[in-house]
Amino acid sequence: MDSTGVPADASPEEREAAQGASEAEAAGQAQAQLAELQAKNAQLAEQYMRAQADMQNTRRRAEEEMAKARKFAIESFAESLLPVADSLEAGLAIQEATPQQIREGAEMTLRQLKSVLERNKVIEIDPAPGAKFDPHQHQAISVVPAPAGSSQDANTIVTVLQKGYLIAERVLRPALVTVAAPR
């Protein structure tokens with residue numbers, strides 16, 4: 001027998017038939033492997049498409065949630081401001097109020113507003129005179145000589161012209177201040 005499994009004394013026709021059968025068997029195996037690989041490829045392509053669709057759906061849902069969060073994030077804050085607006089309207093509705101009553105009403109409304117701001121993490125930046133100037137929280141409007149007779153250092157706050165505000169530890173508006181000049 002030779003390497004193809006055909007007896008050595010076989011006729012050329014038998015050898016050719018055996019070789020043809022061997023090639024047909026190899027072709028059949030290649031066809032089976034090809035079909036198996038094509039099926040695996042189709043399965044992987046389907047898994048990929050499903051993963052892509054899942055990713056797009058997740059991204060779309062996240063974007064929708066972010067849009068809703070942005071849209072309604074201020075709702076709680078606005079709701080807490082409504083009583084302040086009601087107080088202002090009630091004060092303005094009084095036709096014969098005395099200056100003292102108007103002042104008392106304005107002070108109560110201001111306390112109400114400050115309370116709402118604090119509950120919503122909006123905190124005043126109101127530095128005391130002599131406090132160190134902080135460029136992250138203060139905006140220097142002018143540099144003035146230190147008051148006479150004071151031991152105020154350079155780059156310290158002399159006066160606060162307008163309070164600043166923080167929201168959740170982030171500067172919403174810096175305090176406007178005047179700063180002592182170097183001597």
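Contact here means heavy atoms within 4.5 Å. Keep that cut-off handy as you click through this predicted model.

**Stop 1: helix 3.** Select residues 99-119. Helix 3 has 21 residues and spans 30 Å from first C-alpha to last, close to the 30 Å expected at 1.5 Å a residue. Now colour Thr 109, Val 116 and Leu 117, the buried residues of helix 3. They sit on the same side of helix 3, because the arc they cover around the axis is only 95°. Spin to the other side of helix 3 and you'll find Arg 103, Met 108, Arg 111, Glu 118 and Arg 119, which are exposed.

What covers the buried residues of helix 3? Show helix 2 (75-93), strand 1 and strand 4, which are among the elements doing so. Before moving on, click Lys 121, just after helix 3: its phi is positive, about 65°.

**Stop 2: the sheet.** Strands 1, 4 and 5 make an open, antiparallel sheet in the order 1-4-5. Strand 1 (122-125) and strand 5 (170-173) are the edges; each has a single partner strand, so one side of each lacks a neighbour in the sheet. On average, neighbouring strands of this sheet are turned by 35° against each other, direction ignored. Zoom in on strand 1 and strand 4 (residues 164-167), joined by four bridges. One to pick out is Val 122, whose bridge partner in strand 4 is Ile 167.

**Stop 3: the core.** Select Ile 125, Ile 157, Leu 166, Ala 175, Val 177 and Val 179: that's the largest nonpolar core. Strand 6 (residues 175-180) gives the most to this core, three residues. Finish on Leu 166, whose contacts further off in sequence than four places include Lys 121, Ile 125, Gln 137 and Leu 172.

Methods: Residues numbered from 1 in each chain as written. Predicted model: local features only at pLDDT ≥ 70, side-chain atom pairs only at ≥ 80, totals over all residues. Heavy atoms only, no water. Core = buried A, V, L, I, M, F, W, Y, C linked by side-chain atoms within 4.5 Å. Buried < 20%, exposed > 50% of the residue type's maximum accessible area, 1.4 Å probe, protein only. Helix = DSSP H or I, 4+ residues; strand = E, 2+ residues; numbered from the N terminus. Pairing = 2+ DSSP bridges. Axes fitted to C-alpha atoms, helices over the stretch in contact; angles between N-to-C directions. Expected span 1.5 Å × (residues − 1). Arc of directions from axis to C-beta.
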